[in-house]
Amino acid sequence: MQTLEPSYQAQLQLELTGSRWRAIDKALVRFFQQQCPGLSALWLLLAGETSKASSEGHLCLEQQDAEAYLLRAGLALPDWAVRLAEAQVLISPAQLDERPLVYANGALYFRRYYSCQQQIQAYLQQGSTQSQWLRSQMSVPALKALLDGLFAKSAEADWQRLACALSASSQFSVITGGPGTGKTTTVVKLLALLQQWQRQQQQPPLRLVLAAPTGKAAVRLRSSIQKALASLALEPEIESVVPTQVSTVHKLLGARSHSKSFYHNAQQPLALDLLVLDEASMLDVELFSALLSALPAKARLVLLGDKDQLASVEAGALLGSLCAFAAEGRYSNATMQWLSALGDAPLPAELEAAVPQALDQQIAMLRQSYRFSADSGIFALAQAVNQGDLIQVQALCRQPKVDLQVLLQPSQLSLRQLVLSGQADGQGQSGFSGYLQLVRQQVRADSPWADEDQWAQEVLAAFGRFQLLCAVRQGEFGVQQVNQQVEQWLQAKGLVDAHTQWYPGRPVLVSQNDYGLGLMNGDVGICLRRDWQGKSVLAVAFASTEPGQAIRWVLPGRLPAHETAYAITVHKSQGSEFDHAVLLLPAEPSAVLTRELVYTAITRAARQFSLVCPQPALLLQAVSAKTSRAGALRLEL
Ligand SMILES: Nc1ncnc2c1ncn2[C@@H]1O[C@H](COP(=O)(O)OP(=O)(O)OP(=O)(O)O)[C@@H](O)[C@H]1O
């Protein structure tokens with residue numbers, strides 16, 4: 001075995017001096033080298049690869065990927081059993097000690113990710129058992145009567161009704177669906193149903209809590225919940241116990257400055273009976289684990305989200321893994337019977353699985369979009385991208401529908417016009433010109449705004465109607481250059497005065513949590529000139545998630561890390577929706593260009609989607625590249 005070591009050693013040197021590993025991967029390997037002097041080059045190499053894998057969103061380095069890496073580097077494969085025994089200073093095969101890496105399930109994990117995976121699997125296991133018990137306790141006729149009161153009669157399977165029935169009888173459940181399929185509408189009906197059930201059982205109302213991963217997603221969920229509630233006409237007694245306030249997950253858990261731990265944990269659990277968590281695709285496994293630790297043992301959990309969206313940049317594609325078989329249903333015979341009894345139309349037989357798994361019995365998928373009409377180009381493109389249907393993607397790009405605009409190899413002029421007016425021919429009514437006109441209308445005696453907060457709300461809403469999204473950060477079509485270019489175009493048009501860093505109308509994206517100021521990574525604010533204590537000052541306006549507060553004003557000098565936000569990355573746009581979203585693809589190939597990224601960008605658009613495609617071949621490559629993440633969160637339960 002020793003004869004292999006020189007070549008592992010040479011590869012290690014190559015990685016430590018090359019550019020494949022990030023600085024943090026190299027620093028970690030050097031740290032292990034120092035701390036464990038006898039450790040062989042093989043394990044240092046694999047520790048570096050595990051670190052690199054986690055930066056790509058994998059929970060672990062699977063043995064087959066480790067072997068593929070060694071073979072690609074022209075290295076011989078080791079005898080794993082023999083080599084593992086010599087690596088015990090770094091790696092432990094079980095969960096018994098504090099060594100930094102764990103070897104389990106044929107994969108190499110960082111201990112913290114392994115612990116999260118174990119905790120999530122244990123929770124899912126327990127959730128399945130408790131759900132079976134819950135179902136056995138609920139009377140089908142009573143539950144069906146409540147569903148009949150909330151859902152109109154339907155001749156075909158009503159996916160929203162089925163999702164509501166499934167969640168109502170589950171300790172843990174997931175409702176997934178594409179844009180506008182009614183996830184929020186369904187969950188509001190679910191909350192009303194559960195409170196009605198409590199009343200029937202002569203039990204006190206449940207303590208219901210709503211949360212979302214970012215401030216923007218929380219604000220958006222609050223407004224969708226309010227709309228859904230307004231359209232339901234519930235009895236006042238029930239409506240009063242359905243919440244409309246939405247917290248961010250960090251705030252709910254009690255995040256602390258400069259600490260990864262939260263105020264709420266297993267010792268200080270949250271005071272709630274049911275938690276609804278929206279935009280669950282943005283959750284990473286560490287945050288989800290922290291949340292599970294803080295949930296009281298009997299509390300129910302409902303995750304909402306679109307399983308096909310980009311997963312969190314952190315390790316583990318949580319929602320995607322949980323919903324791996326959502327489209328197929330894979331229900332057991334017992335679940336089919338339960339749902340059939342609660343529905344009012346026959347259930348498609350293909351939803352039944354020959355060998356069902358417990359987790360799938362808690363997952364419901366909504367399949368009909370109510371936001372987009374049948375001839376919507378946005379919906380058609382989102383579907384074609386999601387299904388990897390290159391022919392349909394090309395057809396839609398060649399002959400875009402009215403809500404789609406595709407710019408292949410665009411000129412500078414068409415890009416400038418798109419940015420200013422929302423249309424490449426300069427004839428549009430969206431673009432950045434609109435909100436900048438509002439910015440100039442400061443609050444005066446004759447202005448339509450009651451106060452500065454109302455004006456700032458209007459400016460933020462107008463800015464939120466049009467957004468440039470970039471796939472990458474660097475390069476001609478990366479966030480940094482696009483922001484500079486847009487600033488120059490707006491300056492040349494006299495729409496902003498960008499001679500100084502801070503000017504009225506500058507949009508900024510916060511890139512770091514600041515719990516003191518109540519700002520979260522991902523929050524977008526706009527710099528405005530306002531009166532403050534008799535002086536005219538520049539301050540940045542953010543939409544507030546605090547009850548009774550519309551706007552949070554922050555002086556520019558007090559902001560945590562931030563950047564200009566005419567263009568933001570697709571990752572940062574998750575949880576947001578814009579009337580008109582513009583995706584700028586790069587001109588060079590990039591590993592981040594995937595189907596999920598393009599799908600996420602398209603589904604940010606509510607009315608109009610524009611695709612800027614300097615290299616059309618890259619679009620097709622992206623649509624063909626479906627992400628796969630290592631690390632099993634699902635368990636054969
Ligand atoms: N069963 C239905 N019949 C008619 N309209 C519906 C139905 N369900 C939802 N809608 C409407 O469709 C729109 C989208 O619904 P909703 O906000 O619940 O979807 P969502 O899946 O939460 O959306 P998002 O993609 O924003 O998360 C809303 O205007 C809602 O009123």
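These are my notebook entries on the fold of one protein chain.

**Overall build.** I worked from a predicted model. I began with the secondary structure. The protein chain has 24 helices and 20 strands.

**Dimensions.** Next I looked up the extent of the C-alpha trace. Along its principal axes, the trace spans about 85 × 65 × 55 Å. I then compared the radius of gyration with the globule rule. For 637 residues, the rule puts a compact globule near 26 Å. The protein chain has 26 Å, so the two agree.

**Burial and contacts.** I checked how many residues are buried. Of the 637 residues, 47% count as such, a residue being buried if 20 or more other C-beta atoms lie within 10 Å of its own. I also looked at contacts with a separation of 6 or more. Residues 24 or more positions apart account for 73% of these.

**The five-stranded sheet.** Then I turned to one open sheet. Its strand order is β11-β20-β19-β12-β18, and the pairing is parallel. Which strands stand at the edges? They are β11 (404-408) and β18 (567-569). Each has a single partner strand, so one side of each lacks a neighbour in the sheet. From one strand to the next, the twist averages 25°.

**Inside the sheet.** I followed the pair β19 and β20. Strand β19 covers residues 578-584, and strand β20 covers residues 605-613. The two run parallel and are joined by six bridges. I looked up one residue here. What is the bridge partner of A581 in β20? I found F609.

Methods: Residues numbered from 1 in each chain as written. Predicted model: local features only at pLDDT ≥ 70, side-chain atom pairs only at ≥ 80, totals over all residues. Pairing = 2+ DSSP bridges. Helix = DSSP H or I, 4+ residues; strand = E, 2+ residues; numbered from the N terminus. Axes fitted to C-alpha atoms, helices over the stretch in contact; angles between N-to-C directions. Rg over C-alpha atoms; globule rule 2.2 N^0.38 Å. Buried ≥ 20, exposed ≤ 12 C-beta atoms within 10 Å, placed from the backbone. Contact = placed C-beta atoms within 7 Å.
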